[in-house]
Amino acid sequence: MKPECTKKLWTVFHEMKKANQDIGSMCCDTFATACYLHLKAEAARKLIQQVLDVMGWENRRTFFNRLFDSLPGNEVLYTEAIPKHSEFRRLFAGEKS
């Protein structure tokens, strides 16, 4: 499925980090981890749903639904689009988007 706009994805996660650094960082890192798990075993959909809930699912329902539906095959692309700690960037070393 065609990926969602990664610029909007970056903006949403960046806004969360600006609003609350700790929760924003946790959401970024958890989303990256969940994308990795999904890439490897199509697991972690519940974890991704929980991150999106914390970030305000109700306010971005259409975007998050499209993001969630287009996740298969776009895990690396989406993870590259969000700010995250270096440990989580290394998870995807060698993976192709």
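Helices here are DSSP runs of H or I with at least four residues, numbered from the N terminus. With that in hand, welcome to a predicted model of a protein chain that has six helices and zero strands. E95, for one, sits in the segment after α6, the helix of residues 86-91. Below is a friendly tour, going from the whole chain to its cysteines and then to a few residues worth a click.

**Overall fold and dimensions**

- Following the sequence from start to end, you will meet the pattern α-α-α-α-α-α.
- The protein chain has a radius of gyration of 12 Å, which agrees with the value near 13 Å for a compact globule of 97 residues.
- If you look along the principal axes, the C-alpha trace covers about 30 × 30 × 25 Å.
- Contacts that reach far along the sequence are well represented: of those between residues at least 6 apart, 62% link residues at least 24 apart.

**Surface, burial and charge**

- Buried residues make up 41% of the 97 in the protein chain.
- The exposed area of the protein chain is about 5,500 Å², and 52% of that area comes from carbon and sulfur atoms.
- On the charge side, there are 15 positive and 12 negative side chains.
- The centres of these two sets of charges are 4 Å apart.

**Cysteines**

- A disulfide is a covalent bond between the sulfur atoms of two cysteines.
- The count of disulfides in this model is zero, with a cut-off of 2.5 Å between the sulfur atoms.
- For C28, the closest cysteine sulfur belongs to C27 and is 7.0 Å away, so the pair is too far apart for a bond.
- C28 counts as buried because its relative accessibility is 1%.
- For C35, the closest cysteine sulfur is that of C28, and the 11 Å between them is too far for a bond.
- C35 is also on the list of buried residues, because its relative accessibility is 0%.

**Helix α1: V12 and T11**

- V12 belongs to helix α1, which runs over residues 6-19.
- With a relative accessible area of 4%, V12 is buried.
- Setting aside residues up to four places away in sequence, V12 touches M55, R60, F63 and F64.
- Between V12 and D53 there are 13 Å from C-alpha to C-alpha, for a sequence separation of 41 residues.
- T11 is in helix α1 as well, but T11 counts as partly exposed, because its relative accessibility is 29%.
- From T11 to P83 the chain advances 72 residues, while their C-alpha atoms are separated by 9.7 Å.

**Helix α2: S25**

- S25 is part of helix α2, residues 21-41.
- S25 is buried, since its relative accessible area is 10% and the cut-off for burial is under 20%.
- Its partners, not counting residues up to four places away in sequence, are K17 and H85.
- P83 turns up again here: the C-alpha atoms of S25 and P83 are 8.0 Å apart, with their positions 58 residues apart in sequence.

**After helix α6: E95**

- Back in the segment after α6, E95 is partly exposed, with a relative accessible area of 27%.
- Leaving out neighbours within four places in sequence, the contacts of E95 are L39, K40 and V76.
- I82 is 13 residues from E95 in sequence, and the C-alpha atoms of the two are 16 Å apart in space.

How values were computed
Residues numbered from 1 in each chain as written. Predicted model: local features only at pLDDT ≥ 70, side-chain atom pairs only at ≥ 80, totals over all residues. Heavy atoms only, no water. Helix = DSSP H or I, 4+ residues; strand = E, 2+ residues; numbered from the N terminus. Rg over C-alpha atoms; globule rule 2.2 N^0.38 Å. Buried < 20%, exposed > 50% of the residue type's maximum accessible area, 1.4 Å probe, protein only. Contact = heavy atoms within 4.5 Å. Areas by Shrake-Rupley, 256 points an atom, 1.4 Å probe, with all protein chains shown as cover. Lys, Arg positive; Asp, Glu negative; His and termini not counted. Charge placed at Lys NZ, Arg CZ, Asp CG, Glu CD.
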